[in-house]
Amino acid sequence: MKTLTQIPLGTQVLFGESARQRRRLEQLIYSVFHRWEYQEVIPPMLDYYDVFSKGMGVESENSMYRFVDREGNLLALRPEFTSLVAKTVATRLQDWPKPLRLCYSGDVLRYETPRGGRQREFVQLGIENIGGERVACDAEVIQVAMESLQRVGIKKFQFNLGEMGFFAGLVDQICLSDQDLITIKKLIDLKDFIGLQDEMERFQLSTQQRKALYSLLHLTGNAQTIDSARRLVSNEKSLLALDNLKALYRELQRRKLAKHVTIDLSEVRGLDYYTGIIFKIYVPDLGFEIGSGGRYDNLLKNFGCDLPSVGFTFFLERLMSVALK
Amino acid sequence: MKSTERISVALPKGRLLDVILRLLCEADIEMVSYKLQSRRLVFQDKCGHFQFFMLKPIDVPTYVEYGVADVGIVGRDVLLECQANIHQPLDLGVGQCTLAVAGPKGTAQADYRGLSAVRIATKYPRITTEYFTQRGVPVEIIYLSGSVELAPLLGLSERIVDLVSTGRTLAENGLEIIESICNVSARLVVNRASYQVKRPAVTNLIKRLTDVSPKTAYSTPRL
């Protein structure tokens, strides 16, 4: 029997200055969200397991705190907010004026190994923009994220912008099994060129396909990266994704935000529900990303209402280690 | 973000260090006041672009994962075992050896089916477990932190999984390679955020190292 003073792995208590700092950050960031007319949604702490597994994909299955209720239903503690917000909009708010602008803040739980800046219980703070025009809303959520960072005193940051459609177009041609796709994504994510080469030996690929997949690892940089990428592919899905990316980049230039943006087509991992642009947010001197987001046009369909959506979340504990200094 | 931004590099003490230092030298990166017997653990290069930390190999991925070191160089065996969440953009092609299953000479065809599980002594519990369970072979892993060749000699285990380079240590202890698990060589690893935020400097380092690495190394795979 464990003594009562022991704490479960991956949990923590905030008190004194750290508790005050958490609330201060939440207030400051919320003030930016509210200024952009994002309204708060406060969903429940738990829901049926399927609500989360549908969106997050097979890889996240093992990282959820699941339990069986007294009627034998499988439930889970929320590992993220987006699925819950999507479900709420699809079932209760589908008649609200579009785009819906919603925000949230709270603890989520993931049963992962606490390492590299991850705890099992951590705070997500973010927004969802649902049912609006693609480029404008993509640019808006990025702008809200940037202004939030500036509001809490972070002036130097980098948004790495990618597009899921580019990669999806490439792999469509290869007919990978789910397991193989996970492996490939992991190798690209780790930038493990050699591992990718070895994996690719198993599939019959044309030189062009091979070249395109390996080039993914190098396709990072300024807007010219998009043009370089265009020369490598001929399938429609990938080309459309590049058009989207270009359109968004132009819009960000128009809003004078492009200086914080790096194009990164090797950004392929992340939640399964992303269908369009995706981005990760980095700050100097922190070894991990402090936030991430993207477009997920197919999620609300699962709950019976087809609306395109885009959003992002901050990982508050990581933000706390660099903000307000 | 200039390419002259300073990069911190985690280096592994031990068997790989000399060959890595030679490679860095060829890439025109030389450490200031480094002496073999020195107990110092932090060094600069002569241009002030790099800072080096001397670490136990097993700790290199940790320092890189947390971003305290922007990049690191370490053997692939360590990376496979610890599964750190870091980029691996370059194989340096040096420090080549094999991670292999070994056993007493003449036991390659031995029938272990009568045993409920084969005992395998190793420094690499994760790699070993995965290797055998993927093949449907039940194993009992005995974790040892060193002198693993002793285990079959003393009857602690039937097999070992260990790094083999010339094979002399195995031979001298009456052991031979039963099967090869994978090739191992030194790899460059990069912290995820540093790869993005210090991109010019990191890319510059990768290029310099690629240029001097043996032909077996590559960062852009062959088409």
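The exercises below work through a predicted model with chains A and B.

**Exercise 1. Describe the build of chain A and decide why its radius of gyration agrees with a compact globule.**

Step 1. Start with the secondary structure: chain A has 11 helices and 12 strands.

Step 2. Take the extent of the chain. The C-alpha trace of chain A spans about 60 × 50 × 45 Å along its principal axes.

Step 3. Compare with the globule rule. For 325 residues, a compact globule would have a radius of gyration near 20 Å, and chain A has 20 Å, so the two agree.

Step 4. Look at burial and contacts. In chain A, 42% of the 325 residues count as buried. Of the contacts in chain A with a separation of 6 or more, 72% are between residues 24 or more positions apart.

**Exercise 2. Describe chain B under the same headings, and state how far its coordinates can be read.**

Step 1. Chain B comes to 8 helices and 11 strands.

Step 2. Its C-alpha atoms fill a box of roughly 65 × 40 × 30 Å, taken along the principal axes.

Step 3. Chain B has 223 residues, and 39% of them are buried. When contacts between residues at least 6 apart in sequence are taken, 66% of those in chain B join residues at least 24 apart.

Step 4. Check the confidence. The average pLDDT of chain B is 87, and 90% of the residues score at least 70. Over residues 217–223 of chain B, however, the pLDDT is below 50, although this stretch has 21 contacts in the model beyond near neighbours in sequence. Where pLDDT is low, the predicted coordinates should not be read in detail.

**Exercise 3. Find the largest nonpolar core and the helix that gives the most to it.**

Step 1. The largest nonpolar core has 90 residues. Those with the most contacts inside this core are A:Ile127, A:Val141, A:Ile142, A:Ala145 and A:Leu245.

Step 2. Helix H4 of chain A, residues 134–151, gives the most to this core, with 8 residues.

Step 3. Follow one residue, A:Val141. Leaving aside neighbours within four places in sequence, A:Val141 is in contact with A:Ile127, A:Asn129, A:Gly293, A:Val310, A:Gly311 and A:Phe312.

Step 4. Apart from the largest core lies another, of 35 residues. Among its members are B:Leu11, B:Leu55, B:Val74 and B:Leu92.

**Exercise 4. Trace the strand pairings of S4 in chain A with S2 and S3.**

Step 1. Strand S2 (residues 46–48) and strand S4 (residues 74–77) of chain A run antiparallel and are joined by 3 bridges. In this pairing A:Tyr48 stands opposite A:Leu75.

Step 2. Strand S3 (residues 66–68) of chain A also runs antiparallel to S4(A), with 3 bridges. Here A:Phe67 stands opposite A:Leu75.

Step 3. Examine the turn. The hairpin of S3(A) and S4(A) has 5 residues between the strands, and A:Gly72 takes a positive phi near 90° there.

**Exercise 5. Which elements of chain B give two or more residues to the side that touches chain A?**

Step 1. Count the contacting residues: 16 residues of chain B are in contact with 21 residues of chain A.

Step 2. The elements are strand S5 (87–91) and helix H7 (192–197) of chain B. S5(B) gives the most, with 4 residues.

Step 3. Sort by class. This side of chain B has 6 nonpolar, 8 polar and 2 charged residues.

Step 4. Add the scores of the model, which are ipTM 0.71 and pTM 0.83.

Technical notes. Residues are numbered from 1 along each chain as its sequence is written. Chains are lettered from A and ligands numbered from 1 in the order in which they are written. This is a predicted model: local features need pLDDT of at least 70, side-chain atom pairs count only at pLDDT 80 or more; totals for chains, interfaces and linings use all residues. A residue is buried if 20 or more other C-beta atoms lie within 10 Å of its own, exposed if 12 or fewer, and partly exposed in between; C-beta atoms are placed from the backbone. Two residues are in contact if their C-beta atoms, placed from the backbone, lie within 7 Å. A nonpolar core is a set of buried Ala, Val, Leu, Ile, Met, Phe, Trp, Tyr and Cys residues joined through C-beta atoms within 7 Å. Ala, Val, Leu, Ile, Met, Phe, Trp, Tyr, Cys and Pro count as nonpolar, Asp, Glu, Lys and Arg as charged, and the others, Gly among them, as polar. Two strands pair if DSSP finds at least two bridges between them. The radius of gyration is taken over C-alpha atoms; the globule rule is 2.2 Å times the number of residues to the power 0.38. pLDDT is the predictor's confidence in each residue, from 0 to 100.
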